[in-house]
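Ready for a few warm-up exercises? Have a look at the structure first, then try each task before reading its solution.

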Amino acid sequence: ATTEIYTLSLHDALPISSGTGNILPFNAINTGTTPVVATITVTPVTGGCAGTPITFTITVNPSPTLSYSSSSYTAVAGQAITPITPTTNGTSFAISPALPTGLSFNTSTAVISGTPAQVVIPATYTITATLASTGCTVTTTLTIGDPTCSPFAAADFQPNGNATLSGNIYTLTPNQGNRNGSAWNKNRLFLDQDFDINARVYLGNSDAGADGIAFVLQNQSLNAGSSGGGLGYAGITPSFAVEFDTYNNGSIEPIQDHIALIANGNAAGAHNTYSTPFQVQMEDGQWHTARFVWDASTKNFQVWYDGTRRHNITIDLKEDIFGGRSYVYWGFTGATGGATNLQQVEFTSYCYVQQVGVTALAGTNNPNASLALCEGATVRLQASISSSYQWFKDGVAISGETARELVVATAGEIGRAHV
């Protein structure tokens, strides 16, 4: 009988080095960046006599590798990200789709860096690594964005009055007289944290039209609103509004179309309490971008119109407007009177810490989940959805309390935000 004895060189690529009989199946591995050649020598042996060896080679191409330390990264508008660096043996790289403006992708290293210039709605990106020596590729995916940001979803809003939705555009008022409409987001925002809300607005194409629309913060209800010269927000108290006023109602308000900051639904007046109204023709048949930015730590509120900041004020919205209450509804209102215009809004993105519902559950010495506790009793509070959270007491974050449930034993105003 003939027995084959084999030996292999470069056994770092081939996981076996020698043996007798048939060569068993194996996986060749090359963790480098260039091909390696494994030499296999087979020697026939009969009756103890060796025959002529046969030698052949196997070329083992490198396997491209690509990995990042996480599958999800946070990127917030205006804040530089910590460079996202991979572990890889690739020699060139590509990413799809393109990153948001301000972020860059290095095609030689696959490092992602930069400062987002705009709101970054979380999205999934595919990174491809290629080895020049073989042309072999490997891919991985990352999610990058601001976890507080959402694209428009109709289920997030409640329309009222004459407001109607088509696609992702709310018509607040048709081009008809004495109409009013509003669209309020159902998820109240948390004024102890930042928000960044982006929209596009359309104020009609008749310069003699009326009356305008307003971006409004209020803590009354999801159907708050009014009509006519009040732009749909007049009389809502407490409230804070950015009005896009397109009609002079004969008071001391600016004669021209203007963007102004108004507290507590006071639609009439000079509108210069907080900042000088910005006057601009808005009934031009064009869509215009609008952005509303709140920095909770500095109490800074900004209004951007067509990419330019038009209002920049310091105000304590929580204390000065809402009497210490942290949660408010937000949305747009609009109205017409005798003069009319088609008035619309498109919500493009909204970034903020949302309030979630909380249910009281039975606790120690408290089988009925009462919120009026006796000494030694507790109540369990459970959030309405399971995600990541932060619990607050009297407006201050409770250290370490980020689970869905919180056990409460002492008095205070307890709240929870979805983060």
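**Exercise 1.** What percentage of the 419 residues in the protein chain do buried residues make up?

*Solution.* Start with the ground rules. This is a predicted model, where local features need pLDDT of at least 70, side-chain atom pairs count only at pLDDT 80 or more, and totals for chains, interfaces and linings use all residues. Residues are numbered from 1 along each chain as its sequence is written, and side-chain values use heavy atoms, with hydrogens and water left out. Next, the cut-offs: buried means under 20% relative accessible area, exposed over 50%, and partly exposed in between (1.4 Å probe, protein chains only). With those, buried residues come to 42% of the 419.

**Exercise 2.** Work out how the chain's overall dimensions look next to those of a compact globule.

*Solution.* First, take the radius of gyration, which is computed over C-alpha atoms; the globule rule is 2.2 Å times the number of residues to the power 0.38. For 419 residues a compact globule would come out near 22 Å, but this protein chain has 32 Å. Then check the box: along the principal axes, the C-alpha atoms fill roughly 115 × 65 × 35 Å. Finally, count the secondary structure: one helix and 35 strands. Here helices (H or I, at least four residues) and strands (E, at least two) are DSSP runs, numbered from the N terminus.

**Exercise 3.** Find the disulfide and describe it.

*Solution.* A disulfide is a pair of cysteine sulfur atoms within 2.5 Å. The structure holds one: C149 and C351, with sulfur atoms 1.9 Å apart. The pair ties together distant parts of the chain, with C149 in strand 14 (residues 149–151) and C351 in strand 28 (residues 343–352), 202 residues apart. The torsion about their S-S bond is about 105 degrees, so the disulfide is right-handed. Both C149 and C351 are buried. Now try two other cysteines: C49 is exposed at 53% relative accessible area, and C374 is exposed too, at 60%.

**Exercise 4.** Take the loop between strand 20 and strand 21 and pick out its backbone oddities.

*Solution.* Begin with L231, which is found in this loop. Its phi is near 55 degrees, a positive value in a residue other than glycine. L231 counts as buried because its relative accessible area is 0%. Move on to P238, which lies in the loop between strand 20 (212–218) and strand 21 (239–245). A cis peptide bond joins T237 and P238, with omega about -5 degrees.
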